[in-house]
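Reader: Could you take me through the charged pairs in this one, slowly, and tell me what sits around them? I'd like a close look at that part rather than a tour of everything.

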Amino acid sequence: MSDRFEIRVAGSGGQGVILAAVILGEAAALHTEGLHSVQSQAYGPEARGGASKSEVVYDRAPIDYPKASAPNLQVILTQKACDKYSHDTAKGAMVILDDFFVTDPPKLDADVYMLPIVKTAREKIGREIVVNMVALGTAARALESKGLIKPEAVKTAILARVPKGTEALNEQAFEEGYKMMCEALDKK
């Protein structure tokens, strides 16, 4: 039996969803014992501003197919991406939606969390450019709750990837997202 777990991060080109998925893949492959990962991405020809997605597959066994067919965790940052990518969510999955840009959440057979991801980046951090890091914090807590990876693995992968001089900003954004998801899980 496989321990396959599929993750999709979706939003608008320019929100850093591809980098977020790369970091989630590296957190598993490089910083978590016994977990394989593969990452793939798709975005429209307009790239910046168009719907984009990036997927990561985790498994304890070697991965034979790199695409997510029924994501167990989705982090979706825009309504356009939600409309385009939420339909194939696995039954019982976790879906994290940004409550600013996603105004019409879908009816899913999943645990849906409407969280202030963009608002947190804008207002608490003061930089919307770290939306993906806030989203990574929420995803790290969700993955931790499933027993897959530790948040420290994600944080280590973030610090290895972000530009020098931005580590503190990105770490703060990650921590805000992690704390936000902790509170959301405590309420369920």
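Author: Happy to. One caveat up front: this is a predicted model. Counting side-chain nitrogens of Lys or Arg within 4 Å of a carboxyl oxygen of Asp or Glu, you get eleven salt bridges. The general idea is simple: side chains of opposite charge can pair when their charged atoms come close.

Let's start in the strands. Lys53 and Glu55 form a salt bridge, with 3.3 Å between the closest N and O atoms. Are these two buried or exposed? Both Lys53 and Glu55 are buried. They also don't stand alone, since Arg8, Lys53, Glu55 and Asp88 are linked in a network of salt bridges.

The strand around them fits that picture. Strand β3 covers residues 51-59, and nine of its nine residues are buried. Look at one side of β3 and you find Ala51, Lys53, Glu55, Val57 and Asp59, all buried. Flip to the other side and Ser52, Ser54, Val56 and Tyr58 are buried as well, so both faces are covered. As for neighbours, β3 runs antiparallel to strand β1 (residues 5-12), and eight bridges join the two. Lys53 turns up here again: it is the bridge partner of Ala10.

Now over to the helices. Lys155 and Glu175 make a salt bridge through their side chains, at 2.3 Å from N to O. This pair links distant parts of the chain, with Lys155 in helix α5 (residues 151-161) and Glu175 in helix α6 (residues 167-187), 20 residues apart. How much of each is accessible? Lys155 has a relative accessible area of 22%, so it counts as partly exposed. Glu175 is partly exposed too, at 32%.

Staying in α6, there's a salt bridge between the side chains of Glu176 and Lys179, at 3.7 Å from N to O. Those two are three residues apart in the helix, which means about one helical turn separates them. Their surroundings don't match, though: Glu176 is at 16% relative accessibility and therefore counts as buried, while Lys179 is at 40% and therefore counts as partly exposed.

Between α5 and α6 there's a loop, and Thr166 is placed in it. Thr166 is partly exposed because its relative accessible area is 24%. For a sense of span, the C-alpha atoms of Thr166 and Ala110 are 35 Å apart, with their positions 56 residues apart along the chain.

While we're at α5, have a look at its other helix contact. Two packed helices are described by the angle between their axes and the distance between the axes. For helix α4 (residues 131-145) and α5, the axes come within 9 Å and cross at roughly 150 degrees. Angles over 145 degrees count as roughly antiparallel, so that is how α4 and α5 are described. The crossing of α4 past α5 is right-handed.

One last thing, in case you were wondering about covalent links between side chains: how many disulfides are there in the whole structure? The search finds zero. As for cysteines, Cys82 is buried, given its 1% relative accessibility, whereas Cys182 is partly exposed, with a relative accessible area of 22%.

Key. Residues numbered from 1 in each chain as written. Predicted model: local features only at pLDDT ≥ 70, side-chain atom pairs only at ≥ 80, totals over all residues. Heavy atoms only, no water. Buried < 20%, exposed > 50% of the residue type's maximum accessible area, 1.4 Å probe, protein only. Helix = DSSP H or I, 4+ residues; strand = E, 2+ residues; numbered from the N terminus. Pairing = 2+ DSSP bridges. Disulfide = S-S within 2.5 Å. Axes fitted to C-alpha atoms, helices over the stretch in contact; angles between N-to-C directions. Parallel < 35°, antiparallel > 145°, perpendicular 65-115°, else oblique. Left-handed = near helix turned anticlockwise from the far one by under 90°.
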